[in-house]
Amino acid sequence: MILLILIVAAIMFIYFNIIPGKRHTSIAWLSLIVTILCVVGIVEHDYNHWGMKTETTSSTNTLVSSATPRLPILLYQPLGNGTEKVYLYKTGQLQKKPKSIKLDKVSTKVKRSSQPKVTIKTTCYTYSNTFNQIMFGVFGHDKELKHREYIFSIPYNWKVMSVNDAKQLQKQVMKKQQFLKQKSAQ
């Protein structure tokens, strides 16, 4: 809607500046002011989410080991220099591949608790009222992600381990099992 108002005001400004007539100058100035206000409104909406409010939703799921139930670990994949981590988690035993955290506007916490669970808090922008939705709905900012927080609550007997460390541990276990099989075969 604001785009339509902007186009009409710009056309009126041009028209009333080109065509001479009584009171055309005042209408042209009024059209210019409306055009400027529309541009300012669009910019403010786009950069500062003017006319919107934040809405936070939270979901909690049980957490199972990222590897196997016998080895209680939470896996992560380090990024870059290792300070950023992409956590890989499962929320059920039947889940074959672990889910990875979303990387867009995200923060993560790992804390200790008695029960393994993952809590995902998602904060999105929504229109504060119907008027703002009518005016700015064309831009598609409704339900736009502001921030997502993953809170992994893991028991004290769980380990947090990188994927590379888990692969090395798996190789060591395989070597140990082969060694024990060879030794028992002799």
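Contact here means heavy atoms within 4.5 Å. The model is predicted.

**Exercise 1. Overall shape**

Task: State which secondary structure elements the chain has, and decide whether the chain is a compact globule or more spread out.

Solution.
- Step 1. Count the elements. The chain has four helices and eight strands.
- Step 2. Put them in sequence order. The pattern reads α-α-β-β-β-β-β-β-α-β-β-α.
- Step 3. Compare radii. The globule rule gives 16 Å for 186 residues, but the radius of gyration is 29 Å, so the chain is more spread out than a compact globule.
- Step 4. Check the extents. The C-alpha trace spans about 110 × 30 × 25 Å along its principal axes.
- Step 5. Take one pair as an example. Leu-6 and Lys-181 are 175 residues apart in sequence, and their C-alpha atoms are 79 Å apart in space.

**Exercise 2. Burial, surface and contact range**

Task: Find what share of the residues is buried, what share of the exposed area comes from carbon and sulfur atoms, and what share of the contacts joins residues at least 24 apart.

Solution.
- Step 1. Buried residues make up 32% of the 186.
- Step 2. The chain exposes about 12,900 Å², and carbon and sulfur supply 59% of that area.
- Step 3. Take contacts between residues at least 6 apart in sequence. Of these, 69% join residues at least 24 apart.

**Exercise 3. Two nonpolar cores**

Task: Identify the residues that touch the most other members of the largest core, then trace the contacts of Leu-75.

Solution.
- Step 1. The largest nonpolar core holds 19 residues. Those touching the most other members are Leu-63, Leu-75, Tyr-89, Ile-101, Val-118, Tyr-150 and Phe-152.
- Step 2. Assign the contributors. Strand 2 (73–79), strand 3 (84–89), strand 6 (117–127), strand 7 (144–154) and helix 4 (163–185) each give two or more residues to this core.
- Step 3. Go to Leu-75 and set aside neighbours within four places in sequence. Its contacts are Ser-66, Val-86, Tyr-87, Leu-88, Met-161, Ser-162, Val-163 and Ala-166.
- Step 4. Look for another core. A second, separate one has nine residues, including Leu-6, Met-52, Tyr-125 and Met-135.

**Exercise 4. Helix 1**

Task: Test the length of helix 1 against its expected span, then say where its buried residues lie.

Solution.
- Step 1. At 1.5 Å a residue, the 17 residues should span 24 Å. The end C-alpha atoms are 24 Å apart, which agrees.
- Step 2. List the buried residues: Ile-2, Leu-6, Ala-9 and Phe-16.
- Step 3. View the helix down its axis. The buried residues fall within an arc of 115 degrees, so they line one face.
- Step 4. Name the partners. These buried residues pack against helix 2 and helix 3.
- Step 5. Turn to the face pointing away from the buried side. That face carries the exposed residues Leu-4, Ile-11 and Ile-18.
- Step 6. Zoom in on Leu-6. Its relative accessible area is 18%, and the cut-off for buried is under 20%, so Leu-6 counts as buried. Beyond four places in sequence, Leu-6 is in contact with Thr-35, Cys-38, Val-39 and Ile-42.

**Exercise 5. Helix 2**

Task: Repeat the span test for helix 2, then describe the surroundings of His-45.

Solution.
- Step 1. Helix 2 covers residues 24–48, and its 25 residues should span 36 Å. The ends are 35 Å apart, C-alpha to C-alpha, which agrees.
- Step 2. List the buried residues: His-24, Ala-28, Ser-31, Thr-35, Cys-38, Gly-41, Ile-42 and His-45.
- Step 3. Name their partners. They pack against helix 1 (2–18), strand 1 (52–62), strand 6 and helix 3 (130–136).
- Step 4. Focus on His-45. Its relative accessible area is 0%, so His-45 is buried. Residues up to four places away aside, His-45 touches Trp-50, Met-52, Tyr-127, Phe-136, Phe-139 and His-141.

**Exercise 6. Positive phi on either side of helix 2**

Task: Locate Arg-23 and His-49, and decide whether each is buried or exposed.

Solution.
- Step 1. Recall the background. Most residues other than glycine have a negative phi.
- Step 2. Take Arg-23. Its phi is positive, near 65 degrees. Arg-23 sits in the loop between helix 1 and helix 2. Its relative accessibility is 65%, so Arg-23 counts as exposed.
- Step 3. Take His-49, which follows helix 2. Its phi is also positive, about 55 degrees, although His-49 is not a glycine. His-49 lies in the loop between helix 2 and strand 1. Its relative accessibility is 12%, so His-49 counts as buried.

Conventions. Residues numbered from 1 in each chain as written. Predicted model: local features only at pLDDT ≥ 70, side-chain atom pairs only at ≥ 80, totals over all residues. Heavy atoms only, no water. Core = buried A, V, L, I, M, F, W, Y, C linked by side-chain atoms within 4.5 Å. Buried < 20%, exposed > 50% of the residue type's maximum accessible area, 1.4 Å probe, protein only. Expected span 1.5 Å × (residues − 1). Rg over C-alpha atoms; globule rule 2.2 N^0.38 Å. Areas by Shrake-Rupley, 256 points an atom, 1.4 Å probe, with all protein chains shown as cover. Arc of directions from axis to C-beta.
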